[in-house]
Amino acid sequence: MTTEPRGPVDSSRIPRYAGPATFARLPRLDEVPRADIAVVGVPFDTGVSYRPGARFAPAAVREASRLLRPYHPALDVSPFATAQVADAGDIPVNPFDINEAIETVEHEASRLQSDGTKLVTIGGDHTIALPLLRAVAKRHGPVAVLHFDAHLDTWDTYFGAEYTHGTPFRRAVEEGIVDTEALSHVGTRGPLYGKRDLEEDRRLGFGIVTSSDVLRRGVDETVDALRQRIGDRPLYVSVDIDVLDPAHAPGTGTPEAGGMTSRELLEILRGLAGLNLVGGDVVEVAPAYDHADITSVAASHVAYDLISLFTLDSDGPREEQT
């Protein structure tokens, strides 16, 4: 039996600023039989190297998402009518033990995906990308990765620590959970520790599209190059909100001048329509440094676009098993 998806609270009956702040005012996961897509928060920032505060992002992004509406005109899809989308709440992680936190995220992400549900995860700092990739790889094998970020996040260690928000993609390559023929950074910029950073990143298999490349080549050429690199591989999209210029995302832990606009980021994401997306995250929102919710609003739209991409080619909600 196929059930119609339960969508957001009707804003013509209950004002958007009223009621529980689930993502886009969607039902909680425990209020629906099952979900095709679940939005889950990971309030964790123990892996940051500069400004903390991303542990408060899931709540801030959910609050900013109240204004999202059910029809996506740019992609011509009504994601909440096409699939059952629900808010799975937050994964409770140990703020004092990075190793335990990583294990918890991997376990809970695997559990949530065990019936085929796809996850859009709101971090948290970028450390969580590693356990999320582990969970996705259990179902799909090594995945292509499209990584939007001002930074490479392929450093080896920081203060001797192997697990930080600057190391997840090196660990992922080392663990064999990503497809090294289809790894891409988009939006990188700013000073590095040395040229060796780029050389080691290239050795790991990453291609780089800098924020300057996006400016000079434009969105369409950037999208074409990314699609060719990804092909039909299962794709994981990880969005560090600091890929945006601080003018568009001031509320983040390691801001870098010269970044992309929110318009460029969303247009590139929309250019991924039709690819085999299997998971995604948006991380590194630090609400304490935000102004007028600029960063949280941007992050909520990124998550909304990821959800819309997941549902774009859907044949409808899954049948309920009885």
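The structure holds 18 salt bridges, and the model that contains them is a predicted one. Side chains of opposite charge can pair when their charged atoms come close. One such pair joins glutamate 174 to arginine 171, whose closest N and O atoms are 2.8 Å apart. Both glutamate 174 and arginine 171 belong to helix α5, where three residues, or about one turn of the helix, separate them.

Helix α5 leads the reader to the sheet. The helix, residues 168–175, packs on the sheet and touches β4 (143–148), β5, β6 and β7 (235–240). The direction of α5 makes about 170 degrees with that of β5.

The sheet itself is open and has eight strands, with parallel pairing, in the order β2-β1-β3-β8-β7-β4-β5-β6. Its edges are formed by β2 (85–90) and β6 (206–210); each of these has a single partner strand, so one side of each is left without a neighbour in the sheet. From one strand to the next, the twist averages 15 degrees. At one edge, β6 pairs with strand β5 (residues 178–188) in the parallel sense, over five bridges. Within this pairing, histidine 185 has isoleucine 208 of β6 as its bridge partner.

Two places in the backbone deserve attention. The first concerns a peptide bond: the one from glycine 123 to glycine 124 is cis, with omega near 15 degrees. Glycine 124 is placed in the loop between β3 (118–123) and α4 (129–140). The second concerns alanine 24, which has a positive phi of about 55 degrees although this residue is not a glycine. Alanine 24 is found in the segment before β1 (37–42).

The description now turns to the spaces within the model. The largest pocket holds about 380 Å³ of space. It is lined by 20 residues, of which Ser49, His151, Trp155, Tyr193 and Thr254 are the closest to its centre. Sorted by class, the lining of this pocket comprises six nonpolar, eight polar and six charged residues.

A cavity, unlike a pocket, is a space where a 1.4 Å probe fits but cannot get out. The count of cavities of 30 Å³ or more comes to one. About 40 Å³ of space lies in the largest cavity. Its lining is made up of Gln113, Leu119, Thr121, Leu132, Val136, Tyr236, Gly279 and Gly280. At least two residues of this lining come from each of β3, α4 and β8 (277–283). By class, the lining of the largest cavity divides into four nonpolar and four polar residues, with no charged residue. The lining of the largest pocket, by contrast, includes six charged residues.

Methods
Residues are numbered from 1 along each chain as its sequence is written. This is a predicted model: local features need pLDDT of at least 70, side-chain atom pairs count only at pLDDT 80 or more; totals for chains, interfaces and linings use all residues. Side-chain values use heavy atoms; hydrogens and water are left out. On a 1 Å grid over the protein atoms alone, a cavity is a set of points where a 1.4 Å probe fits but cannot get out, and a pocket is an open set with protein on both sides within 12 Å along at least five of seven lines; lining residues have an atom within 4 Å of a point. Grid points are joined across faces, edges and corners, and a volume is the space filled by probe spheres set on the points. Ala, Val, Leu, Ile, Met, Phe, Trp, Tyr, Cys and Pro count as nonpolar, Asp, Glu, Lys and Arg as charged, and the others, Gly among them, as polar. Two strands pair if DSSP finds at least two bridges between them. Helices (H or I, at least four residues) and strands (E, at least two) are DSSP runs, numbered from the N terminus. Axes are lines fitted to C-alpha atoms, for helices over the stretch in contact, and angles run from 0 to 180 degrees between N-to-C directions. Contact means heavy atoms within 4.5 Å. A salt bridge is a side-chain nitrogen of Lys or Arg within 4 Å of a carboxyl oxygen of Asp or Glu.
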